[in-house]
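Please open the model in a viewer and keep the sequence panel visible. The stops below are set out as selections to make one after another.

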Amino acid sequence: MKLGLGLYRSILTRDNFAFARQAGATHIVAQLVDYIKGSNPSLTGNYLGGWGTTRNHDKPWTYDLLASLKKEIGSYGLQLEAIENLDPSHWYDILLDGPRREEQVENLKQLIRDMGKAGIPVLGYYFSLAGVWGWTSRKEGRGAPASVVFDESGVDVNQPIPQGMVWNMWYKEQNEKQFISPVSRDEMWERLTYFLNHLLPVAEENGVRLVAHPDDPPLPEMRQTARLFYSPKQYERLLEVNDSPASGFEFCLGTLQEMPGSDVYSLLDKYSASDRIGYIHFRNVIGKAPRYREAFVDEGDLDMVRVMQILKKNNYDGVLIPDHTPEMSTPAGWHSGMAFALGYMRGVIQTLERS
Ligand SMILES: [Mn+2]
């Protein structure tokens, strides 16, 4: 297994490549969607009104952008393992089954070809209309860090999605008065199937893997739209729709642990043994939907040493990134949390390598 760090667009900078290297990481997962901003990014703000606005219509991520990013990361002794998340501007009509669906699929095919050409092996996506939504924040847990909390009793999870928003981002004029129509589970599976059937052959040809993140928070419906991956059983259906070897999981331990009744260890064992995991979001949580909070890696309900033991047993050779952590009470809360998680991960990996 390999240690990586995920960086948002606003922190894809030289200082942060050095930071990753200093903390023992060898790989980077880059987010190009400009949605969690600033040099000290925070997940504990109020994002119930959206992550912000994207205006990247007709501005695809080009081969030059990907190749120069890979080169710069490489100059720090790091490898660019994956691009995580698609810009809502680039695929809103794929998610919404709108008039530009075909055109947007063609553009994503080009993105996959360009990733293959640049030598970036994994594309992580999150096929969801409401997206990551409903989080609140509390100072809770060990030492009371600012932590992401989901508590269904405190948010109206049935409020509809305004037109112009998808994936919790605005992609066109804000319209707070008109809303998208409710979307059924069958319709969501149809849209995902269209996406996979068109893109997986191109991914296979170009040596790129498309990996799906589960629904965060894992509720069956949110904002009057069905969610695909709210339970382990539903998540496993991904491979039934299209079992191309280019399809797999962006295996988010935290989200899977949040699912009622989930057995994360057996799921991890099964899919790390069968090489279906693109990379791993290595984070911990306390509680399950409908109420949980994100926790320090050694503090939560999951036994992260056991997680790593399973990966070692199966000779998993993919990348693990911390995903999120509680924000520590320092001027650099995000970096402190990440440094703590990376140090913990490095320690467990080094211990297992010696046993
Ligand atoms: Mn995740």
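Which residues of helix α9 (residues 264–273) are buried? Before selecting them, note that this is a predicted model, in which local features need pLDDT of at least 70, side-chain atom pairs count only at pLDDT 80 or more, and totals for chains, interfaces and linings use all residues. Residues are numbered from 1 along each chain as its sequence is written.

**Helix α9**

Select V264, L267, L268 and S272, the buried residues of α9. A residue is termed buried if 20 or more other C-beta atoms lie within 10 Å of its own, exposed if 12 or fewer, and partly exposed in between, with C-beta atoms placed from the backbone. Helices (H or I, at least four residues) and strands (E, at least two) are DSSP runs, numbered from the N terminus. The buried residues of α9 cover an arc of only 115° around the axis, which puts them on the same side of the helix; the arc is that of the directions from the helix axis to the C-beta atoms. An α-helix has 3.6 residues a turn, so residues three or four places apart point the same way.

Next, display what covers these residues, including α6 (232–236), β12 (247–252), α8 (253–258), β13 (277–281) and α10 (304–313). Then move to D275, which follows α9 and has a positive phi, near 55°.

**H281, in β13**

Select H281, found in strand β13. H281 counts as buried because 23 other C-beta atoms lie within 10 Å. Residues up to four places away in sequence aside, H281 touches E250, F251, C252, L253, G254, I321 and D323; contact requires C-beta atoms, placed from the backbone, to lie within 7 Å.

**D215, in a loop**

Where is D215 placed? Look in the loop between β9 (209–212) and β10 (221–222). D215 is buried, with 28 other C-beta atoms within 10 Å. Its contacts, not counting residues up to four places away in sequence, are S128, R227, L228, F229 and Y230. A distance can also be drawn from D215 to V132: their C-alpha atoms are separated by 7.5 Å, although the two are 83 residues apart along the chain.

**An open sheet**

Colour the 4 strands of the open sheet, whose order is β5-β6-β15-β14 with antiparallel pairing. The edges are β5 (135–139) and β14 (284–288), each with a single partner strand, so one side of each is left without a neighbour in the sheet. Strands pair if DSSP finds at least two bridges between them; β5 and β6 (residues 146–151) run antiparallel and are joined by 5 bridges. To inspect one bridge, select R138 and its partner in β6, S147.

**The hairpin of β7 and β8**

Strand β7 (residues 162–166) and strand β8 (residues 169–179) run antiparallel, joined by 4 bridges. Select Q163 to find N175 of β8 opposite. The hairpin has 2 residues between the strands, and W167 takes a positive phi near 60°.

**Helix α11**

Finish at α11 (residues 333–354), whose end C-alpha atoms are 32 Å apart. This agrees with the expected span of 32 Å for 22 residues, taken as 1.5 Å times one less than the number of residues. Its buried residues include G333, W334, H335, M338, L342 and V348. Among the elements covering the buried residues of α11 are β1 (2–7), α1 (14–22) and β16 (319–321).

Terms used: Contact = placed C-beta atoms within 7 Å.
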